[in-house]
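Grab your viewer and work through the exercises below. Each one has a task, then a solution in steps.

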Amino acid sequence: MNLALNWIGFQTLVRKEFIRVIRIWVQTIVPPAITMTLYFIIFGNLIGRRIGSMDGFDYMQYIAPGLIMMSVITNSYGNVVSSFFGAKFGRHIEEMIVSPMSNVTIILGHVAGGVIRGLLVGSLVTVVALAFTSLKVEHPFVTISIILLSSVVFSLAGFINAVFAKKFDDISIVPTFVLTPLTYLGGVFYSISLLPVFWQKVSLANPILYMVNAFRYGILGVSDIRIGYAYAIIGLFVAGLFGLSLMLMNRGTGIRE
Amino acid sequence: MHALSIRNLRKIYPNGVEALKGIDLDVEAGDFYALLGPNGAGKTTAIGIICSLINKSAGSVDVFGHNLDKELEAAKACIGLVPQEINLNLFDTVQNIVLNQAGYYGINRREARIRAEKYLRELRLWERRKEPARNLSGGMKRRLMIARALIHEPRLLILDEPTAGVDIEIRRSMWEFLKETNEAGTTIILTTHYLEEAESLCRHVAIIDEGKVIENALMSNVLRKLQRETFVLSLRDRLTTPPVLDGFETMLRDDGDVEIAVDSKRDLNELFALLSNQGIAVSSLRNKANRLEELFIRLVENKQSVQLPEKD
Ligand SMILES: Nc1ncnc2c1ncn2[C@@H]1O[C@H](COP(=O)(O)OP(=O)(O)OP(=O)(O)O)[C@@H](O)[C@H]1O
Ligand SMILES: [Mg+2]
């Protein structure tokens, strides 16, 4: 692999993805900011007052890390799936396929785009959260590394979704039927210790639970799960999904057949 | 050195269509090569495989000695493609489209800007560089795809019907541009349904039909193979029956013009001598069809093989 060529190719993809996010900011940045503000007002402020504290924190404070994580996850996923599927649909994916840029670079460039949008929106949601409550970051390294890795996981997942998607409907099926339920059940709004034992066990099969809890641990210092598990699981997902993406690209699935 | 060398290339699409039934082609470096054939012959499929857009079912492709299966990256770096279907990101600006393409080939931004200006000016798109591609007309989009294909200065430029839907003036300026590009050393492969375009530009021609190569030779040899040409003559005075001219086949058309088939071994002088002996005055003369077109129609539509001199 020609490293100099691929490095320039990667930078080009990142720049292109960034310009895309900014160009359509009304679709990419504004809606999550509005949705999250509503969550803070309704769940945090209005209902939260009645709920009282959770794990020793204001309900508002308790849900803030989960809501930040939720927006990073959905936006990372959404960015890659629509950008890459859009490139397939508009056929300009061919610009990348005919070029000598490697498949690894194509994947990493799109993942970087997803991470950029995820973190952009995540930062905005953090600012919104700070307007309602105060957040003191207990473990900065955990906070940053977990949000980055989670963003990578869902960018890769979005990439794979785009590889298989044949029509626009196909890029909303996974977010609607898989991503949203898993996020809501991933401990964004509650501690799983509130659940019956059986449902606690079931919840442990949900990867998003580990991300939300590890991130909450980074900010608030409390978690339902062991942080080491979270890193292991997220690491496995990064490796597995990257391997799968690369295999699909090398085969040309959904592109060259 | 061959710019392109294809052996026994086959493609069966997942729906069972056998688009290529084992084709062999060699394109010399520096050549200007026409790839002709009726709709559905397999031209775009072959080009798609050469450019890694389509997986092949069997066979091998070498681009400037780089085998597609072994040295994919090196092979890709040699090729510039202008596809048949518009595949531009219509929301992106003209300038960004070519700059990004340069980036995908590892050209740094500074160099890319210099080249982008050069090629966008040459293809008369510089004034439109800040606009999104969707604002361009169909012909301009084709020119943008040419600029995009040239930005990494490929040794082999492949154009799949670049002049479809392009007006005559732009088409002629595109021909000039392609001629210059070829003279500057770029090997060019062109598909087109305008046969006079192939005839005037290309040195070599291959004709594909139903996934097989049915003709492959120097353009001059192919044209020489045509033993007969048909001329249409307008006469000063209308005839009621076709003229009888010894050794020439004649036919009277409904519009009063006369079609005369002339064997390549005979001179037009002979024909005119016979006509003037009979007191028939000719006011104008034209070819019935372009010569390559005659061959093409004979080969493809009549599936009649033309027996011909060896190719060189
Ligand atoms: N993606 C595909 N799936 C199935 N069959 C296909 C596909 N693409 C092309 N074909 C078939 O393969 C054959 C060759 O098509 P191809 O596009 O290569 O022809 P072509 O020579 O480029 O024609 P044209 O002059 O119309 O562009 C046709 O029968 C076509 O229907
Ligand atoms: Mg075609």
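A polar contact here is a pair of N or O atoms within 3.5 Å; within protein, one must be able to donate a hydrogen and the other to accept it, and residues adjacent in sequence count only if both atoms are side-chain atoms. This is a predicted model, where local features need pLDDT of at least 70, side-chain atom pairs count only at pLDDT 80 or more, and totals for chains, interfaces and linings use all residues. Residues are numbered from 1 along each chain as its sequence is written, chains are lettered from A and ligands numbered from 1 in the order in which they are written, and side-chain values use heavy atoms, with hydrogens and water left out.

**Exercise 1.** Find the oxygen atoms of ligand 1 that pair with N or O atoms of the side chains of E161(B) and T44(B), and of the backbone of G40(B).

Step 1. For E161(B), a side-chain N or O atom sits 3.4 Å from a ligand 1 oxygen.
Step 2. With T44(B), again through the side chain, the distance is 2.6 Å.
Step 3. G40(B) uses a backbone N or O atom instead, at 2.8 Å.
Step 4. Now the cover: ligand 1 on its own has 640 Å² of accessible area (Shrake-Rupley method, 1.4 Å probe), and the protein covers 66% of that.

**Exercise 2.** Describe the shell around ligand 1.

Step 1. Count residues with a heavy atom within 4 Å of the ligand: there are 15, and the closest are N39(B), G40(B), K43(B), T44(B) and T45(B).
Step 2. Sort them by class (Ala, Val, Leu, Ile, Met, Phe, Trp, Tyr, Cys and Pro are nonpolar; Asp, Glu, Lys and Arg are charged; the others, Gly among them, are polar). You get five nonpolar, eight polar and two charged.
Step 3. Look at helix α1 of chain B, residues 43-50 (helices are DSSP runs of H or I, at least four residues, numbered from the N terminus). This helix gives the largest share of the shell, three residues.

**Exercise 3.** How much area do chain A and chain B bury between them?

Step 1. Start with contacts, meaning heavy atoms within 4.5 Å: 26 residues of chain A touch 32 of chain B.
Step 2. Take the accessible area (1.4 Å probe) lost on putting the two together, summed over both. That comes to about 2500 Å², 52% of it on carbon and sulfur atoms.
Step 3. On the chain A side, E95(A), V98(A) and P100(A) lose the most, together 26% of what that side buries.

Key. Helices (H or I, at least four residues) and strands (E, at least two) are DSSP runs, numbered from the N terminus.
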